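The exercises below are to be worked with the sequence and the coordinates at hand. Each task is followed by a solution that proceeds step by step.

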Amino acid sequence: MNDTNPVDILALGAHPDDAELGCGGTLIKLKKLGYKTGIVDLTEGELGSRGTVEKRYEESAVASKLLQLDFRYNLKIPDGNVEVNEQNKNKMIRLIRKTKPKIILAPFHEDRHPDHIHSSQLITESWFYAGVKKILPEIPPHRPFRILYYMAKYEFIPSFVIDISDEYELKFKALAAYKSQFYNPEWPQEQTFISSRWFMDSVDFRARHFGWMAGVKYGEPFWIRECMAIEDPVPIFSRTIM
Ligand SMILES: [Zn+2]
C-alpha cells in the first residue's frame, strides 16, 4: 500500500492517525459512495511519547484496511519540524499532481500542535502552486477546486458538517488500531494527553455535538475559506426532524 495512485479524495495529516481523528468517518463514507481515497501522513510521528515508528506503521496499516483506503503513503518530513520550505513544497506539489485528487482534506490552520499549523500552511501553499505550470514544469499542473479543512484540537464554526452516523462505529475501530497512541488500558507505558480516556471521550462528544448542531446523530465538521454554491437547497434544507 506504500505508494500513491490517482484518487478522488486525498486526506493529509501531520502524523499517522491525524486523518483518522479529523476525517476518518468522512473517508469511510466517501469510499462507500464509490470514490477512491488515500491518506498521506507528512511525518512518521517519531517524536511520539509512546510506541515506535515501526509500531505506528503497523497500526496505520490496520487502520488503513478498516478505512478501505486505496493507498497510504508517508512523506517522511521530520516530526516536530514541518517547515514550509521549497523542498517540502516540491514534495507536496509532486504528490498533488501525481494523485490528482478532486478534493483535499487537510488540518485546520489554527491548532495546539505546531506541526498541524505548519502542515496546514504547507498544504495550502502547495495546493496553490500545484496549479502553476512553470513550477516543476515536467509534471502537468493540477489544483483541486477546494481544500476542506478538518478539526484537530481547536474548534471553528464549521462551513458544513458531514453526517457520519453510519460510519461512526468503524471510525472508532480504526482509531482503536492505534494501540500505542490512544486509550488502551493494557498499554504498560506512561499516559499521554491523547492516550487518556478523556481524550477519546472528546472525540465522541465532539462527533455528537456537531452531529447535534447539524440535525444528525454524529458529524464531522469542516471549514472552507470560500463560499459554497448550492444548486438545489430543497433536499438539503427541507428535512423535518419532528
Ligand atoms: Zn497530529
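**Exercise 1. The surroundings of helix H4**

Task: In this predicted model, determine which elements cover the buried residues of H4, and state which residues of H4 are buried.

Solution. Step 1: The cover over the buried residues of H4 includes strand S1 (9–13), helix H3 (86–99), strand S4 (103–107) and strand S5 (147–150). Step 2: The buried residues in H4 are Asp-115, His-116, Ile-117, His-118, Ser-119, Ser-120, Leu-122, Ile-123, Ser-126 and Trp-127. Each of them meets the cut-off of 20 or more other C-beta atoms within 10 Å. Step 3: Helix H4 itself covers residues 114–129, which is 16 residues. From its first C-alpha to its last, H4 reaches 23 Å, close to the 22 Å expected at 1.5 Å a residue.

**Exercise 2. Helix H2 against helix H5**

Task: Classify the relative direction of H2 and H5 from their crossing angle, and list the residues through which H2 and H5 meet.

Solution. Step 1: The axes of helix H2 (residues 53–67) and helix H5 (residues 168–176) come within 8 Å, and they cross at roughly 165 degrees. Step 2: Angles over 145 degrees count as roughly antiparallel, so H2 is roughly antiparallel to H5. Step 3: The crossing in which H2 passes H5 is right-handed. Step 4: On the H2 side the meeting residues are Ala-63, Leu-66 and Leu-67, and on the H5 side they are Leu-170, Lys-173 and Ala-174. Step 5: Sorted by class, this contact of H2 with H5 has 5 nonpolar residues, no polar residues and 1 charged residue.

**Exercise 3. Helix H1 against helix H5**

Task: Carry out the corresponding analysis for H1 and H5, beginning with their packing angle.

Solution. Step 1: Helix H1 (residues 18–32) packs with H5 at an angle of about 135 degrees, and the two axes are 9 Å apart. Step 2: This angle makes H1 oblique to H5. Step 3: H1 passes H5 in a right-handed crossing. Step 4: H1 contributes Glu-20, Leu-21, Gly-24, Gly-25 and Ile-28 to the contact, while H5 contributes Tyr-168, Leu-170, Lys-171, Ala-174 and Leu-175. Step 5: The contact of H1 with H5 divides into 6 nonpolar, 2 polar and 2 charged residues.

**Exercise 4. Positive phi angles**

Task: Locate Gln-68 and Lys-76, and decide how exposed Gln-68 and Lys-76 are.

Solution. Step 1: Most residues other than glycine have a negative phi. Step 2: Gln-68, although not a glycine, has a positive phi of about 55 degrees. Gln-68 is situated in the loop between H2 and strand S3 (71–74). Because Gln-68 has 12 C-beta neighbours inside 10 Å, it counts as exposed. Step 3: Lys-76, which is not a glycine either, also has a positive phi of about 55 degrees. The loop that holds Lys-76 runs between S3 and H3. With 13 other C-beta atoms within 10 Å, Lys-76 is partly exposed.

**Exercise 5. Residues apart in sequence**

Task: For Glu-46, Ser-165 and Ala-61, give the position and a C-alpha separation from another residue.

Solution. Step 1: Glu-46 lies in the loop between strand S2 (37–41) and H2, and it is partly exposed, with 14 other C-beta atoms within 10 Å. Its C-alpha is separated by 8.9 Å from that of Arg-56, 10 residues apart along the chain. Leaving aside neighbours within four places in sequence, Glu-46 is in contact with Val-53 and Asp-79.

Step 2: Ser-165 belongs to the loop between strand S6 (160–163) and H5. Ser-165 is partly exposed, having 14 other C-beta atoms within 10 Å. Ser-165 and Gly-25 are 140 residues apart in sequence, and their C-alpha atoms are 8.5 Å apart in space. When residues up to four places away in sequence are not counted, Ser-165 touches Gly-211, Val-216, Lys-217 and Tyr-218.

Step 3: Ala-61 is placed in helix H2. Since Ala-61 has 15 C-beta neighbours inside 10 Å, it counts as partly exposed. Ala-61 and Phe-71 are 10 residues apart in sequence and 9.8 Å apart in space, C-alpha to C-alpha.

Notes: Residues are numbered from 1 along each chain as its sequence is written. This is a predicted model: local features need pLDDT of at least 70, side-chain atom pairs count only at pLDDT 80 or more; totals for chains, interfaces and linings use all residues. Axes are lines fitted to C-alpha atoms, for helices over the stretch in contact, and angles run from 0 to 180 degrees between N-to-C directions. Helices (H or I, at least four residues) and strands (E, at least two) are DSSP runs, numbered from the N terminus. Angles under 35 degrees count as roughly parallel, over 145 as roughly antiparallel, 65 to 115 as roughly perpendicular and the rest as oblique. A crossing is left-handed if the near helix is turned anticlockwise from the far one by less than a right angle, and right-handed if clockwise. Two residues are in contact if their C-beta atoms, placed from the backbone, lie within 7 Å. Ala, Val, Leu, Ile, Met, Phe, Trp, Tyr, Cys and Pro count as nonpolar, Asp, Glu, Lys and Arg as charged, and the others, Gly among them, as polar. The expected span of a helix is 1.5 Å times one less than its number of residues.
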